[in-house]
Amino acid sequence: MIFKETLNEYMDRLDCNAKELAAASGVSQSSISRYKNGERAPSRNSKTLEQLAKGFAAIAKEKGDAAVFDKILADLQHAADSDGIDTKALVENLNTMMNLFSVSNSKLAQAINYDPSHLSRIRSGSRNVTKPDIFATQVSEYMVKKYASPEEITSLKALTDSDGTNLKNDICKWLCSGQNKKDDSVSQLLYSLETFNLDEYIKAIHFDDIKVPTLPFAFPTGKMYYGQNRMKQCELDFFKATILSRAKEPVFMCSDMPMAAMAEDIEFDKKWMMSIAVMLKKGLEINIVHNLDRPWNEMMLGLQAWIPIYMTGQVHPYYFKTIKTNIYHHINYVSGAAAMSGECVDGFFENGKYYLAKSREEIAYYRKKADDLLKKASPLMEIFTDDRENEFAAFLENEKDGESYLLEEAQKVFKNIEIRISHGKWVLISKKSHPHIHFVIRHPRLMQAIENFSAEIEE
């Protein structure tokens, strides 16, 4: 029996929840919730294991149960011996490797004697890996055998930090390691939320001094743009047409265009961000579908860049759950005054074609397309500013019967944000001042990363 099953069995037997066990044992509620869900397991001889056993024994004595400390400790130690692998990290690393090497789900399933649908459910997180050590070993054997060209071996060594002496063993260790390198991206994101001051930011960019122009922007009914540089001009022309119009409809933005080339153009980046600021100054709402099908650190840096914009409460972020193609890239923008669309082949950004339209018929078409895309998208987070206080109160009322807990590790280092977690459902980050605002995050990978945030907690 794995550790989480033993832990849950005792909690069920003694009819206690994570909060009660935390109070009795001294182990944080957030750590217990991770143990309950199989995300972590304490080592056999850890102080944490002993604390849990003492907590159970105290609850048992209080409730007249026959369970005693020695028996409980032995059961927990036995379970911990067979469960030292972070299975969620195993699945995440598996998906990273399969995506990087374009590993066929069906072929891997056949090689390790799994049903393809079962393997798919493991990858999606809807099924647990029952014997993670054996599973990781089988996957490692398949990778070494299947991907044996010099280029593939080099890539496997780089991914797993292997010197190549025992590549199969190194792949297995990497799959089970939880994380191969220290990831500070979540800490940086939370620190940005902690320290960001909207009042100071507004002063720094002279937001109150921004004047929204009223002269119309003239361009043909439809205009084509070709190539990477002209694509940038197409975006700026879309913003200009939107800002200079009297239209008040929400702006829709969705793009999975490559980021690197755009980020290198500092002047374009400044103009792009200023255009967003002017649209917000105009009072426009923005529905944006973020492309999260990117490397983790790049995704987190992108979210940090959007923090000032999120603070306004006028931006509503979404994402697509399904993995998009890595062959084509697309861009779709629409406002009440203009619409932009474009496409390029991956790796050939300079050969892309982009189109800016302003006719009523075309804007109506792109508006309907935007509505359809939003129906396919999922909220990345819900943002509650003070003027949405009633909606936030309704959210809390609706969730009051669900089990949630404060992330105690975060409270030891942050004073201006509070993090509450309902495992698998949402993470609530409440910023106390500058501004007072609440973020309800629902993206699975981001939720997991925040749940696993650690401020040098000893367990």
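Okay, let's start with Asn113: its relative accessible area is 70%, so it is exposed. One thing before I go on: this is a predicted model. Asn113 sits in the loop between helix 7 (105–111) and helix 8 (116–124). If you check the backbone there, phi of Asn113 is near 60°, which is a positive value in a residue other than glycine.

There's another residue of that kind, and that's His434. Phi of His434 is near 55°, again positive in a residue other than glycine. Where is His434? In the loop between strand 12 and strand 13. At 39% relative accessibility, His434 counts as partly exposed. Now look at the peptide bond that joins His434 and Pro435, because that bond is cis, with omega at about -5°. Pro435 also lies in the loop between strand 12 and strand 13.

Let's move out from that loop to the strands on either side. Strand 12 covers residues 426–431 and strand 13 covers residues 437–441, and the two pair in the antiparallel sense over five bridges. To pick out one position, Leu428 stands opposite Val440 in strand 13. Both strands belong to an open sheet of five strands, ordered 9-13-12-11-10, with antiparallel pairing. Which strands stand at the edges? Strand 9 (381–384) and strand 10 (405–406); each has a single partner strand, so one side of each has no neighbour in the sheet.

While we're around here, there's a salt bridge to show you. Lys425 bridges to Glu399, and the closest N and O atoms are 3.0 Å apart. Lys425 is in the loop between strand 11 (417–422) and strand 12, while Glu399 is in helix 19 (residues 389–399), so the pair ties together parts that are 26 residues apart in sequence. Buried or exposed, what is Glu399? Glu399 is buried, with a relative accessible area of 14%, whereas Lys425 is partly exposed at 42%.

How many salt bridges are there? The count comes to eleven. I'll show two others, and these sit within helices. Glu50 and Lys54 meet through their side chains at 3.3 Å, N to O. They're four residues apart in helix 4, which means about one helical turn separates them. Glu50 is partly exposed, with a relative accessible area of 36%, and Lys54 is partly exposed too, at 46%.

Then there's Glu267 with Lys270, a salt bridge where the closest N and O atoms are 4.0 Å apart. That pair is three residues apart in helix 16 (residues 266–281), so again we have about one helical turn between partners. Glu267, at 48% relative accessibility, counts as partly exposed, while Lys270, at 52%, counts as exposed. The cut-off for exposed is over 50%.

Okay, on to strand 2, residues 251–255. Five of its five residues are buried, so strand 2 is largely enclosed by the rest of the structure. As a reminder, in a regular strand the side chains alternate between the two faces of the sheet. Here both faces are covered: Val251, Met253 and Ser255 are buried on one side, and Phe252 and Cys254 are buried on the other.

What does strand 2 pair with? One partner is strand 3 (residues 286–290), in the parallel sense, over four bridges. In that pairing, Phe252 has Asn287 as its bridge partner. Strand 2 is also joined to strand 5 by four bridges, and those two run antiparallel. There, Cys254 stands opposite Asn332 in strand 5.

Strand 5 takes us to the surface. Tyr328 lies in strand 5 (residues 328–334), and at 44% relative accessibility Tyr328 counts as partly exposed. Together with Ile327, Val345 and Phe348, Tyr328 makes a nonpolar surface patch of about 380 Å².

Last stop, a charged patch. Which residues form the negative surface patch? Glu5, Glu9, Asp12, Asp15, Glu20 and Glu62. Helix 1 (residues 3–13) gives the largest share, three residues. Glu62 is placed in helix 4 (residues 47–62), and with a relative accessible area of 71%, Glu62 is exposed. Helix 4 is also where we met the Glu50 and Lys54 pair.

That's my tour, so over to you.

Technical notes:
Residues numbered from 1 in each chain as written. Predicted model: local features only at pLDDT ≥ 70, side-chain atom pairs only at ≥ 80, totals over all residues. Heavy atoms only, no water. Patch = residues over 30% accessible without salt bridge, like charges linked within 9 Å, V, L, I, M, F, W, Y side chains within 5 Å. Areas by Shrake-Rupley, 256 points an atom, 1.4 Å probe, with all protein chains shown as cover. Lys, Arg positive; Asp, Glu negative; His and termini not counted. Charge placed at Lys NZ, Arg CZ, Asp CG, Glu CD. Buried < 20%, exposed > 50% of the residue type's maximum accessible area, 1.4 Å probe, protein only. Pairing = 2+ DSSP bridges.
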